[in-house]
Amino acid sequence: GTQRLADLPTDVQLLLRTLAKYPLVVEVAARQYAPHTLAQYLLELAGQFSRFYENYPVLQASETERPVRRAIVERVATTLRQGLGLLGMARRRQALG
């Protein structure tokens, strides 16, 4: 079955709510020419995600929990990547050799 938001631990609910704020944060930061707003949001998201990853290991999760945790990890990674890109801090790929 599908997990409901209310069934998730409070800290996971907070992380998901923070993720959901991303489009609004980007809009406000752009409209107000305030990139620090986006930077503060990304720092908050990274902190919440760090605690999530520590408290809810993905690989050790049960078969029912693993897909949910994995989806959260992927969404946070995408959001951080996009947000850092908007701030001009996109990750540079280094060539080996």
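Within the chain, confidence is highest in helix α2, with a mean of 98, and lowest in helix α4, where the mean is 96. These values belong to a predicted model, whose pLDDT averages 91 over the chain, with 90% of the residues scoring at least 70. Where pLDDT is low, the predicted coordinates should not be read in detail.

The fold can be introduced through its secondary structure. The chain contains four helices and zero strands, and its elements follow the order α-α-α-α along the sequence. Of the contacts between residues at least 6 apart in sequence, 59% connect residues at least 24 apart. Buried residues account for 26% of the 97 residues. The chain exposes about 7,300 Å², of which carbon and sulfur atoms supply 56%.

Helix α1 offers a starting point for the interior. This helix spans residues 10–20, and its buried residues are Val12, Gln13, Leu15, Thr18 and Leu19. What covers these buried residues of α1? The cover includes α2, α3 and α4.

Two residues outside α1 show how individual contacts reach this helix. The first is Gln48, which is found in helix α3. Gln48 counts as buried because its relative accessibility is 9%, below the 20% limit for that class. When residues up to four places away in sequence are set aside, Gln48 touches Leu14, Leu15 and Thr18. One of these neighbours is also a polar partner: the side chains of Gln48 and Thr18 are joined by a polar contact of 2.8 Å. Thr18 itself is among the buried residues of α1.

The second residue is Thr79, which lies in helix α4. Is Thr79 buried or exposed? With a relative accessibility of 0%, Thr79 counts as buried. Beyond its neighbours within four places in sequence, Thr79 is in contact with Leu19, Tyr22, Tyr41, Leu42 and Leu45. Among these partners, Leu19 is one of the buried residues of α1. Tyr22 falls in helix α2, which covers residues 22–31, while Tyr41, Leu42 and Leu45 fall in helix α3, which covers residues 35–55.

Aromatic side chains form a further group of interactions. A search of the whole structure finds four aromatic pairs. In one of them, Phe49 and Tyr53 are tilted, with a centre-to-centre distance of 5.7 Å and an angle of 40° between the planes. The angle is classed as tilted because it lies neither under 30 degrees nor over 60. Both residues belong to helix α3, where they are four residues apart, about one turn of the helix. An α-helix has 3.6 residues a turn, so residues three or four places apart point the same way. The two members of the pair fall into separate accessibility classes: Phe49 is buried, with a relative accessible area of 17%, whereas Tyr53 is partly exposed, at 47%. Phe49 and Tyr53 also belong to one aromatic cluster together with Phe52 and Tyr56.

Charged side chains complete the picture. Side chains of opposite charge can pair when their charged atoms come close. How many salt bridges does the chain contain? The count comes to four.

One of the salt bridges lies in helix α2, where the side chains of Glu27 and Arg31 meet with an N to O distance of 2.8 Å. Their separation of four residues in this helix corresponds to about one helical turn. Glu27 counts as partly exposed, at 46% relative accessibility, and Arg31 counts as exposed, at 51%.

A similar spacing is found in helix α4, which covers residues 66–86. There, Arg70 forms a salt bridge with Glu74, with the closest N and O atoms 3.9 Å apart; this distance qualifies because the cut-off is 4 Å. Arg70 and Glu74 are four residues apart in the helix, which places them about one helical turn from each other. Glu74 is partly exposed, with a relative accessible area of 49%.

Another salt bridge joins the side chains of Arg69 and Glu65, at 3.4 Å from N to O. Which side of this bridge is buried, and which is partly exposed? Arg69 counts as buried, at 13% relative accessibility, whereas Glu65 is partly exposed, with a relative accessible area of 31%.

How values were computed: Residues are numbered from 1 along each chain as its sequence is written. This is a predicted model: local features need pLDDT of at least 70, side-chain atom pairs count only at pLDDT 80 or more; totals for chains, interfaces and linings use all residues. Side-chain values use heavy atoms; hydrogens and water are left out. Helices (H or I, at least four residues) and strands (E, at least two) are DSSP runs, numbered from the N terminus. Buried means under 20% relative accessible area, exposed over 50%, partly exposed in between (1.4 Å probe, protein chains only). Contact means heavy atoms within 4.5 Å. Accessible areas come from the Shrake-Rupley method with a 1.4 Å probe; for residues, only the protein chains shown count as cover. Rings of Phe, Tyr and Trp (its six-membered ring) pair if their centres lie within 6.5 Å; planes under 30 degrees apart count as stacked, over 60 as edge-to-face and the rest as tilted. A polar contact is a pair of N or O atoms within 3.5 Å; within protein, one must be able to donate a hydrogen and the other to accept it, and residues adjacent in sequence count only if both atoms are side-chain atoms. pLDDT is the predictor's confidence in each residue, from 0 to 100.
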